[in-house]
Amino acid sequence: MFNPTKFLAAAILTAGILSLSPSALAGPTATQTVTYEVTAINELTVSAPTVSLTVNAATAGSAPTSATDASTSYAITTNESARKITGSINTNMPAGVTLSASLAAPTGGTSGGALALSTTAVDLVTGIATLNETGKTITYSLAATAAAGVVTSASKTVTLTVTAQ
Amino acid sequence: MKTLFRNILSLLALSSTDHAADLVSNGDWAETITASNLVSGAGSNLQSQLQSMAGVTALTISNAPGSWTLRARRSGGPWSGAVSLFVKRTSAGSGSGSIAGGDSFVEVTGSDVEIFNGSEARSNVALQFKLTGLSVGVSPASYLSSIVFTVQ
């Protein structure tokens, strides 16, 4: 049997519950997330794209005089530790001709000195960690034996790479 | 019947009791820092500061019976100790209430700090974040933190 009093009570109860719902769902606190990712950064550039070296003189009785160029430099940024700079050329030098490179070490690093370049990478600088420096001198040297004879002009692409030690 | 009415009265009393304002937020901020963030390429350091776009996060305050203060804190990690997070308000939003303060960057730390204050309801209050202390000394990794906003 329909009871108006109970019906009214149920209706009021329902309204009361509904009136509570919004504050039950929301609240005085909210949360957002801030995320930032730092990727590995290993950047190296050189100050000039080309260097020319010519061996064209000798002291009588001695091997031809090497040509040296120290006009270029490199800049490096790395946010990783245990890095090194390797060097290589795209094709090997002809017999009796040697192209060497020596890189000044950035702070904390160790230069490998003048090293002959070939298609196999050599370690020009080791022990590099989290730094950014500019103006580090690159010294190229071209040497030739008398037995190499006259060598026609050629270009080599030198690749310097920052990589894991 | 008495019990029923007692329950009804209790619920009605609860529903009319003053309560803290409600707060809803929308919009996370995520950034990836790469070599493109170097000041001037190889040899340079990372830009020390990085800002989100204005309004990356929006807050809505509702059911506020009177004046309120909005606070924020960082929670969780991992987070680089060299990096600081700041937030500021870039819009007043809209609504019947008022809003003041927070239009300069405020550092968000592990403790609640006031960002701005106001009264009654405000919708879509825009926020902007800023990171400082970035450098190549910050190890490559993913860092995150929850930003807990509280309105009281």
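## A strand in the middle of a sheet

In strand β9 of chain A, the residue A:Thr137 is the bridge partner of A:Ser73, and this pairing belongs to a model that is predicted. The two strands concerned, β3(A) and β9 (residues 131-144) of chain A, run antiparallel and are joined by nine bridges. Strand β9(A) also has a partner in β5 (residues 97-103) of chain A, to which seven bridges join it, again in the antiparallel sense. Within β9(A), the residue that pairs with A:Ser100 is A:Ser141.

Strand β3 (residues 67-78) of chain A pairs in turn with β2 (residues 42-46) of chain A, in the antiparallel sense and over five bridges. Here A:Thr45 is found opposite A:Ala75, a residue of β3(A).

## The five-stranded sheet of chain A

Taken together, these strands of chain A form part of an open sheet of five strands, whose order is β2-β3-β9-β5-β7 and whose pairing is antiparallel. Which strands stand at the edges of this sheet? They are β2 and β7 (115-116) of chain A, and because each has a single partner strand, one side of each is left without a neighbour in the sheet. As background, strands of a sheet pair through backbone hydrogen bonds, either parallel or antiparallel.

## The four-stranded sheet of chain A

Chain A also contains an open sheet of four strands, in the order β6-β8-β4-β10 and with antiparallel pairing. Its edges are taken by β6 (110-111) and β10 (158-164) of chain A, each with a single partner strand, so one side of each lacks a neighbour in the sheet.

Strand β4 (residues 83-89) of chain A is joined to β10(A) by seven bridges, and the two run antiparallel. One position in this pairing is A:Lys84, which stands opposite A:Thr163 in β10(A).

## Where chain A meets chain B

The two chains touch through 52 residues of chain B, which are in contact with 38 residues of chain A. On the chain B side, at least two residues each come from α1 (2-16), β1 (22-26), β2 (29-33), β4 (57-62), β10 (122-132) and β11 (141-151). With eleven residues, β11(B) gives the most to this side of chain B. By kind, the residues of chain B that touch chain A divide into 30 nonpolar, 19 polar and three charged.

Strand pairing also crosses from one chain to the other, since five bridges join β1 (residues 29-38) of chain A to β2(B), and these two strands run parallel. In this pairing, A:Thr35 stands opposite B:Ala30, which lies in β2(B).

Note on methods: Residues are numbered from 1 along each chain as its sequence is written. Chains are lettered from A and ligands numbered from 1 in the order in which they are written. This is a predicted model: local features need pLDDT of at least 70, side-chain atom pairs count only at pLDDT 80 or more; totals for chains, interfaces and linings use all residues. Two strands pair if DSSP finds at least two bridges between them. Two residues are in contact if their C-beta atoms, placed from the backbone, lie within 7 Å. Ala, Val, Leu, Ile, Met, Phe, Trp, Tyr, Cys and Pro count as nonpolar, Asp, Glu, Lys and Arg as charged, and the others, Gly among them, as polar.
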